[in-house]
Amino acid sequence: MKAARVPEPGADFEVVDVETPEPAAGEVRVAVDACGICHSDAFVKEGAYPGIDYPRVPGHEVAGRVDAVGDDVTAWSEGDRVGVGWHGGHCFECDACRRGDFQQCEDAQITGIAYDGGYAEYMTAPAEALAAVPADLDAVDAAPLLCAGVTTFNALRNTDARPGDLVAVQGVGGLGHLGIQYAHAAGFETVALSRSPDKEELADDLGADHFVNAAEEDAAQALRELGGADVVLATAPSAPAIESVVDGLGTDGRVVVVGVPGEDVAVNAQSLVGVRGGVEGWASGDARDSQDTLEFSDLRDVTPEVETFALDDVREAYSRMIDNEARFRAVLEP
Ligand SMILES: [Zn+2]
Ligand SMILES: [Zn+2]
């Protein structure tokens with residue numbers, strides 16, 4: 001089969017013919033129809049994550065079909081449409097797993113990091129890492145929902161926000177353009193915060209009720225004028241951007257960080273104490289969370305904006321993502 005892999009940390013991708021993997025017991029083989037390119041794939045490309053064996057095939061936004069089933073797998077059959085996200089499997093035995101909190105498994109595997117991912121025609125994955133893909137959902141649309149989608153959807157649905165509450169989405173990019181759609185579909189009064197005024201029309205199309213041009217306006221003041229944010233979903237990986245909204249929280253408001261900046265975030269504790277507010281983080285979800293995301297996206301027509309590329313064009317696709325030029329998610333079709 002053909003695979004796009006990183007030969008060693010920092011090296012360019014190489015597209016090579018390798019042996020098609022066989023599923024071990026407890027695993028399935030997935031014929032990959034589409035795989036999104038995520039900013040976290042830079043961990044593999046640059047060797048920024050401990051313990052990766054090279055060469056390594058990245059890719060944790062995988063949509064495809066079950067193509068072969070290993071021993072002891074009862075939940076999936078050949079031909080099932082499935083997705084694999086960041087959460088690539090768990091141990092079932094640690095304390096977190098015994099409590100059913102698979103996302104926090106002490107021995108969780110990450111797709112495309114612990115084992116080869118979806119930048120290939122085929123990959124294998126543990127059965128518990130699979131999400132069923134709804135029949136009507138196109139593989140190219142499903143792929144980015146398995147990381148960018150589940151991250152924003154799951155972060156929002158695990159807040160205390162209720163329909164009618166003021167929810168701001170900071171950043172109208174790969175994560176943010178999905179976050180706005182989810183916030184709107186969930187019934188929140190939705191604010192888009194962006195430093196690019198040209199994103200206003202798009203934000204409006206995606207369902208934002210308000211647009212704040214953070215390059216010209218004070219974002220926190222704009223949020224306070226709207227009554228104070230119950231939630232700010234911070235998707236832009238920028239510490240100054242995150243710091244600039246803390247003063248815009250309403251009572252019991254939360255800034256939920258899903259786009260992780262490379263530097264520390266300085267927070268004014270007095271602002272938080274005054275509103276009983278908080279700044280917290282959220283990371284993706286497990287396979288059932290991914291499936292919930294796919295099902296909700298199908299139900300409410302939440303669709304990512306994507307650019308598609310052949311596997312041979314992986315270098316171009318990856319640079320468009322890393323240079324922030326892709327609108328908004330780059331997807332490989334192996
Ligand atoms: Zn990702
Ligand atoms: Zn575990």
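Here is a short walk through this predicted model, stop by stop, with something to select at each one.

**Stop 1: the annotated stretch**

Start by selecting residues 10-332. UniProt, in an unreviewed entry, labels this range "domain: Enoyl reductase (ER)". Colour it by secondary structure and you'll be looking at 27% helix and 24% strand. The C-alpha atoms at the two ends of the range sit 21 Å apart.

**Stop 2: zinc ion, ligand 2**

Now pick ligand 2, a zinc ion, and show the side chains of Cys91, Cys94, Cys97 and Cys105. Each offers its SG atom as a donor, at 2.3 to 2.4 Å from the metal. What geometry does the site of this zinc ion have? It's tetrahedral, with angles of 103 to 118 degrees among the four donor atoms. Along the sequence, the donor residues follow the spacing C-x2-C-x2-C-x7-C. Cysteine 94 is in the loop between β5 (81-84) and α2 (95-98), while cysteine 105 is in the loop between α2 and β6 (122-126), so this pair ties together parts 11 residues apart in sequence. Switch on a surface if you like: cysteine 94 and cysteine 105 are both buried.

**Stop 3: zinc ion, ligand 1**

Next, jump to ligand 1, also a zinc ion. Its protein donors are Cys38 (SG), His60 (NE2) and Cys147 (SG), lying 2.0 to 2.2 Å away. The spacing here reads C-x21-H-x86-C. Find cysteine 38 in the loop between β3 (27-37) and α1 (42-46), then cysteine 147 in helix α3 (residues 139-157); the pair therefore ties together parts that are 109 residues apart in sequence. Cysteine 38 is buried, as is cysteine 147.

**Stop 4: the largest nonpolar core**

Stay with α3, which gives 10 residues to the largest nonpolar core, the biggest share of any element. That core has 40 residues, and the ones touching the most other members are Leu156, Val167, Ile180, Tyr182, Ala192 and Leu294. Elements giving two or more residues include β8 (166-170), α4 (176-185) and α9 (287-300). Where does this core lie relative to domain 1 and domain 2? Colour domain 1 (2-148 + 285-333) and domain 2 (159-281) separately: both contribute residues, so the core lies between them.

Zoom in on alanine 192. Leaving out residues up to four places away in sequence, its contacts include Val169, Ile180, Phe211 and Val212.

**Last stop: another core**

Finally, select Ala42, Tyr119, Leu130 and Met321. They are among the 39 residues of another core, which lies apart from the one you just visited.

Notes. Residues numbered from 1 in each chain as written. Chains lettered and ligands numbered in written order. Predicted model: local features only at pLDDT ≥ 70, side-chain atom pairs only at ≥ 80, totals over all residues. Heavy atoms only, no water. Donors = N, O, S within 2.8 Å, 3.2 Å for Na, K, Ca; no water. Tetrahedral: all angles 85-135°; square planar, octahedral: opposite > 155°, others 65-115°. Helix = DSSP H or I, 4+ residues; strand = E, 2+ residues; numbered from the N terminus. Buried < 20%, exposed > 50% of the residue type's maximum accessible area, 1.4 Å probe, protein only. UniProt positions renumbered as here; feature names shortened; annotations may be inferred. Core = buried A, V, L, I, M, F, W, Y, C linked by side-chain atoms within 4.5 Å. Domains from an automatic or database assignment. Contact = heavy atoms within 4.5 Å.
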